[in-house]
Amino acid sequence: MNEKERIRNYIQRHINVSDEYVVIGDDDNIFELGFVDSMFAMKLVHFVEKESGAVVSTDELTLANFSTIANLHALLLRMRSHD
């Protein structure tokens, strides 16, 4: 399983939707789609920190970085490159 699939699986396991067949595309904004509440937003930050092995900086803590699978993947890559 590649990293985007791991991100997608994490999101789909934790979102609160009644349709179990919802598929989120790489560029679908999960905030605009209504899948994210404040608690899940915090879980996403924790997920990124766990996956990257680094703490999300205040500068990286933006809605844009966490809004799509593609943006989350890019954030993870940036955080890992700062090691």
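The following legends describe an overall view and several close-up views of a predicted protein model.

**Figure 1. Overall view of the predicted model, a protein with 4 helices and 0 strands.** Read from the start of the sequence to its end, the elements follow the pattern α-α-α-α. The C-alpha trace spans about 40 × 30 × 20 Å along its principal axes. A compact globule with 83 residues would have a radius of gyration near 12 Å, and the protein agrees with this expectation because its own value is 12 Å. Of the contacts with a separation of 6 or more, 59% are made by residues 24 or more positions apart. Buried residues account for 36% of the 83 residues.

**Figure 2. The surface and the charged side chains of the protein.** The accessible surface comes to about 5,300 Å². Carbon and sulfur atoms contribute 52% of this surface. The protein carries 8 positive and 14 negative side chains. The centres of these two sets lie 6 Å apart.

**Figure 3. Close-up of Glu3 in helix α1 and its polar contact with Arg80.** Helix α1 covers residues 3-14, and Glu3 is part of it. Is Glu3 buried or exposed? Glu3 counts as buried, because its relative accessibility is 11% and the limit for a buried residue is under 20%. The side chains of Glu3 and Arg80 are joined by a polar contact of 2.6 Å. When residues up to four places away in sequence are not counted, Glu3 touches Glu51, His73, Leu76, Leu77 and Arg80.

**Figure 4. Close-up of His73 in helix α4 and its contacts with Glu3, Lys4 and Ile7.** Helix α4 consists of residues 69-81, and His73 has its place there. His73 has a relative accessibility of 18% and therefore counts as buried. Which residues does His73 contact, leaving aside its neighbours within four places in sequence? These residues are Glu3, Lys4 and Ile7. His73 and Ile7 are 66 residues apart along the chain, while their C-alpha atoms are separated by 7.6 Å. The contact between Glu3 and His73 also belongs to the view of Glu3 in Figure 3.

**Figure 5. Close-up of His14 in helix α1 and the backbone oxygen of Tyr10.** His14 is found in helix α1. With 32% relative accessibility, His14 counts as partly exposed. This class applies because 32% falls between the limits of 20% for buried and 50% for exposed. A polar atom of the His14 side chain lies 2.7 Å from the backbone oxygen of Tyr10. His14 also touches Phe40 and Lys43, when residues up to four places away in sequence are not counted. The C-alpha atoms of His14 and Val36 are separated by 9.2 Å, and these two residues are 22 residues apart along the chain.

**Figure 6. Close-up of Met42 in helix α2.** Met42 is found in helix α2. Is Met42 buried or exposed? Its relative accessible area is 57%, so Met42 is exposed. Met42 and Gln12 are 30 residues apart along the chain. The C-alpha atoms of Met42 and Gln12 are separated by 15 Å.

**Figure 7. Close-up of Asn29 in the loop between α1 and α2.** Asn29 has its place in the loop that lies between these two helices. What does the side chain of Asn29 reach at 2.9 Å? At this distance the side chain of Asn29 reaches the backbone nitrogen of Phe31. Asn29 also touches Ser67 and Thr68, when residues up to four places away in sequence are not counted.

**Figure 8. View of Tyr21 in the loop between α1 and α2, together with Asp59.** Tyr21 has its place in the loop between α1 and α2. Tyr21 is exposed because its relative accessible area is 65%, and the limit for an exposed residue is over 50%. Tyr21 and Asp59 are 38 residues apart along the chain. The C-alpha atoms of Tyr21 and Asp59 are separated by 35 Å.

Terms used:
Residues numbered from 1 in each chain as written. Predicted model: local features only at pLDDT ≥ 70, side-chain atom pairs only at ≥ 80, totals over all residues. Heavy atoms only, no water. Buried < 20%, exposed > 50% of the residue type's maximum accessible area, 1.4 Å probe, protein only. Polar contact = N/O pair within 3.5 Å; in protein donor to acceptor, adjacent residues only side chain to side chain. Contact = heavy atoms within 4.5 Å. Rg over C-alpha atoms; globule rule 2.2 N^0.38 Å. Areas by Shrake-Rupley, 256 points an atom, 1.4 Å probe, with all protein chains shown as cover. Lys, Arg positive; Asp, Glu negative; His and termini not counted. Charge placed at Lys NZ, Arg CZ, Asp CG, Glu CD.
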